[in-house]
Amino acid sequence: MANVVVLGTQWGDEGKGKIVDLLAPAFDVIARYQGGHNAGHTVCVGGRKIVLHLIPSGILHPGKLCLIGNGVAFSPPAFLKEVAALEEYGVAVGDRLVISRGVHLILPYHPLVEKIAEERKGARKIGTTSLGIGPSYEDKVARCGIRAGDLLDLEVFREKLITNLAEKNALFRSAGFPAVDWEEVYAEFAGHASRISQYIGDVSLLLHQKMREGKSVLFEGAQGALLDVDHGTYPFVTSSNSTAGGVATGLGIGPTRIDEVLGVAKAYTTRVGGGPFPTETQDERGRLISERGNEFGATTGRPRRCGWFDTLAVAYSCRVNGIERIVLTKPDILDVFEEIPVCVGYKYKGSTLSTFPAESWILDKVAPRYKMMKGWKSPTHHLTERGRLPAAFIDYVKFIEDSVEARVCIVSTGVERKDSVLIEEELEGVVDLGRVRKDLS
Ligand code: IMP
Ligand code: MG
């Protein structure tokens, strides 16, 4: 069967966690390729809610192998906390999880580096999750990062830590913060090392072997394409490649191993943190979306900014990711609206833009042009049958499909796995529907 990427087409929080959880039964391996515990993947099973940050959502399915690729920024304490939470929930991680030797560590002082950088930006701050994700990636690119593999030899780790921290302490002192003592960090991480070394392995090699055996892989994206460090709304982005290109570099496989990219898109748009958001709606309707959609960050609890579906943004996302199939989530949040605006163009300096400019300074100044779609005004919540989708909703879907040049293959109608309308002909040859349905029944 095919190896499939599931990633977000907007600014994250499109509902990827639920979709990965729904499709996981059809795959043998689930792999994360970028991001860190800034991600928040909410999964609801049997009325219980679990939020995963770092460990692939596939872990909730017994027997699935879960991988954390080298492209991930890895926090050992966050990981250990998640393992404990899963165990409390009744999910044994055991030997089903492998962490790449090449993941870059988030060190306990990385959040302070981030705090100083954010404060210096003032009004132009990014509004990050404050978890040290950016500084860990900065160290990686600056070639002074420390990787999980370095924890396997504590002498190596110690030496790298001393060098890395010397530079950071110069920054801390200049910003009026006390220096961090390397011995404390060393002691803490030596403890983590003894607990995580059993999980560390060669993820690229393992993937290669599994694919050779004919096993199928689901690549689980974090954040969304518009937060990609290269293709997103820079500099208001995260520090990794959340687009499909990141799959190959973030796991150590060739692009020839990726068969399909499924793009998850919410029926409207949200964004957490700073940065441009042309279709943002701060009126009563925006508040209604926020309330009905429970739009609060799964990691930071911050309210998400809400707005209308932006066909320019999602079409752009389809382009940079090679997406031909879309998973549309949370249409039920819009069930109450008489009319639903959909953005079809941007007015900018007297002319109309019909493609998405990723430059945030242009996006700051555009005025969205909307097409008013008729609301369906009937409940889509919990629907599972395609034939029961309201006609006006089908028109909404068709309009989106035509505008973004991709087909909708799944409509998600609620938080539970079973709240899903599967469009069979679009999923044919992409996922083994028999295996997905078996798990649903
Ligand atoms: P960072 O990833 O913590 O550096 O944050 C950079 C930007 O990405 C901020 O605007 C965050 O709010 C946003 N961000 C990071 N992770 C997520 C996520 O999982 N969902 C939505 N936004 C995110
Ligand atoms: Mg999220």
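Just after helix α10, G322 takes a positive phi of about 70°. This is a predicted model, so let us start with the helix that comes before that glycine and work towards the ligand.

## Helix α10

Helix α10 spans residues 311-321 and is mostly covered, with eight of its 11 residues buried. The buried set consists of T311, L312, A313, V314, Y316, S317, C318 and N321. An α-helix has 3.6 residues a turn, so residues three or four places apart point the same way. At the start of α10, D310 offers a side-chain oxygen that reaches to within 3.0 Å of the backbone nitrogen of L312. The two ends of the helix thus each have a feature to look at: D310 at the start and G322 just after the helix.

## The sheet

What is the order of the strands in the open sheet? Its 10 strands run β9-β7-β5-β2-β10-β1-β11-β15-β19-β20, and the pairing is mixed. At the edges stand β9 (200-201) and β20 (420-422); each has a single partner strand, so one side of each is left without a neighbour in the sheet. Strands of a sheet pair through backbone hydrogen bonds, either parallel or antiparallel.

Three of the pairings can be followed in detail, and they sit side by side here:

| Strand pair | Sense | Bridges | Residues that stand opposite |
|---|---|---|---|
| β1 and β11 | parallel | five | V6 and L262 |
| β5 and β7 | parallel | three | C66 and L97 |
| β7 and β9 | parallel | two | S100 and G201 |

Strand β7 (residues 97-100) is covered on both faces: L97 and I99 are buried on one side, V98 and S100 on the other. Two of these residues also appear in the pairings, since L97 stands opposite C66 and S100 stands opposite G201 in the edge strand β9.

## A buried lysine

Now to strand β11 (residues 260-266), which holds K266. Is the side chain of this lysine in a buried or an exposed residue? K266 is buried, with a relative accessible area of 0%. Its side chain has polar partners all the same: a polar atom lies 2.8 Å from the backbone oxygen of D13, and a polar contact of 2.9 Å joins it to the side chain of T270. Leaving aside neighbours within four places in sequence, K266 is in contact with Q10, D13, E14, E295, R304, F309, L328, T329 and K330.

## Around ligand 1

D13 leads us on to the ligand. While its backbone oxygen lies 2.8 Å from the K266 side chain, an N or O atom in the side chain of D13 is 3.4 Å from a nitrogen atom of ligand 1. Oxygen atoms of the ligand have partners too: a polar side-chain atom of T238 lies 2.6 Å from one, and a backbone N or O atom of G127 lies 3.5 Å from one. How much of the ligand does the protein bury? Taken alone, ligand 1 exposes 470 Å², and the protein buries 96% of that.

The shell around ligand 1 has 16 residues, of which N38, T129, T238, V272 and R302 come nearest. By type, the shell divides into six nonpolar, eight polar and two charged residues. T238 therefore counts among the polar residues, as threonine is in neither the nonpolar nor the charged class. T238 is also one of the residues that come nearest to the ligand, in keeping with the 2.6 Å listed for its side chain.

Methods
Residues are numbered from 1 along each chain as its sequence is written. Chains are lettered from A and ligands numbered from 1 in the order in which they are written. This is a predicted model: local features need pLDDT of at least 70, side-chain atom pairs count only at pLDDT 80 or more; totals for chains, interfaces and linings use all residues. Side-chain values use heavy atoms; hydrogens and water are left out. A residue is near a molecule or strand if one of its heavy atoms lies within 4 Å of it. A polar contact is a pair of N or O atoms within 3.5 Å; within protein, one must be able to donate a hydrogen and the other to accept it, and residues adjacent in sequence count only if both atoms are side-chain atoms. Accessible areas come from the Shrake-Rupley method with a 1.4 Å probe; for residues, only the protein chains shown count as cover. Helices (H or I, at least four residues) and strands (E, at least two) are DSSP runs, numbered from the N terminus. Buried means under 20% relative accessible area, exposed over 50%, partly exposed in between (1.4 Å probe, protein chains only). Contact means heavy atoms within 4.5 Å. Two strands pair if DSSP finds at least two bridges between them.
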